[in-house]
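User: I would like to go through this model with you, starting inside and then turning to the pockets. Could you take my questions one by one?

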Amino acid sequence: MTTPALTHARVLRSEWHKLWTVRSTWATVLTSAALLLGVGILMGATYTSDGGDSDVDTVVLSLYGSQLGGIALAVLGILVTAGEYATGMIRASLTAVPRRAPVLWAKAAVYTATVFTVSFLTALLTFLTAQVFLSDTDQAASLTDDGVLTAIAGNASGVTLLGVLALGLGATLRSVPGAIGAFVGGVLIVPEILGMLPYEAMDTAIRYFPTQAAGALGSATPLPGAASPGAALLALTLWAAAGLVVPAWLLKRRDV
């Protein structure tokens, strides 16, 4: 019997099945969606026009929960790669695909498509649900308003690219706890600490750090002191790409 040829399509299909046949995928995706939707409803239901949030961008206000939901999806990215090292499944994956790198690219591609779709649809639903409560306030908006749909797509893009960076950390460190610690400490906490330093150059540089760049993508109006959406998207894409290039290089040089 002839053995089926190894193709990129088959590697992608294999990674797709692996992603959706583990409970952690459903748990993290549903947790992310629940956090985003729940916080959005809370923000809309408790908002008053004479409160202190009247100057906050409408999309940002509605999607406050994306910060929490994004952490859940980043954990999923880490589990996609480091989780296989924890279970030993990576040996079977790399034995089936001796060139190794296609396994990483397939994981990243399947994860990116899944997370962007889930994030965009959840953000869209959250914005529309929040607007049920905000329709009679100064935060009332619609999808046809300038920048709103672009900001929702930008929010999903930011969450997705942060997750890809987390996926790369998982593949580099090959440890779920280590990668989670590196993501929380290096990506979320360190920029906040650096931002306290009294240096103008540091303030400028931090605009292009991952979380700050992701935040600039999710606003319908320009944020003071933030990078432009185009520059932020480019910076975040480069961070995510760097997060994949390092483990791809290590895959060629390290044992499983």
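User: What does Leu73 touch, not counting residues up to four places away in sequence?
Analyst: Leu73 touches Thr28, Val29, Ser32, Tyr111, Val115, Ser119 and Val159, where residues up to four places away in sequence are not counted. Contact means heavy atoms within 4.5 Å. Please note that this is a predicted model, in which local features need pLDDT of at least 70 and side-chain atom pairs count only at pLDDT 80 or more, while totals for chains, interfaces and linings use all residues. Residues are numbered from 1 along each chain as its sequence is written, and side-chain values use heavy atoms, with hydrogens and water left out.

User: Ser119 is on that list. Is Ser119 buried or exposed?
Analyst: Ser119 counts as buried because its relative accessibility is 7%. Buried means under 20% relative accessible area, exposed over 50%, and partly exposed in between (1.4 Å probe, protein chains only).

User: Where is Ser119 found, and with what is Ser119 in contact?
Analyst: Ser119 is found in helix α6; helices (H or I, at least four residues) and strands (E, at least two) are DSSP runs, numbered from the N terminus. Leaving aside neighbours within four places in sequence, Ser119 is in contact with Leu73, Ala156, Val159 and Thr160.

User: Which residues touch the most other members of the largest nonpolar core?
Analyst: They are Leu73, Leu76, Ile78, Leu104, Tyr111, Leu167 and Leu236, out of 43 residues in that core. The largest share of this core, eight residues, is from α7. A nonpolar core is a set of buried Ala, Val, Leu, Ile, Met, Phe, Trp, Tyr and Cys residues joined through side-chain atoms within 4.5 Å.

User: Now the pockets. How much space lies in the largest pocket?
Analyst: The largest pocket holds about 750 Å³ of space. Its lining has 26 residues, and Ser66, Gln67, Thr211, Ala214 and Gly215 are the closest to its centre. On a 1 Å grid over the protein atoms alone, a pocket is an open set of points where a 1.4 Å probe fits, with protein on both sides within 12 Å along at least five of seven lines; lining residues have an atom within 4 Å of a point. A volume is the space filled by probe spheres set on the points, and grid points are joined across faces, edges and corners.

User: And what volume has the second largest pocket?
Analyst: The second largest pocket has about 330 Å³. Among the 17 residues that line it, Lys18, Val22, Leu79, Val80 and Glu84 are the closest to its centre. Helix α4 gives the largest share of this lining, six residues.
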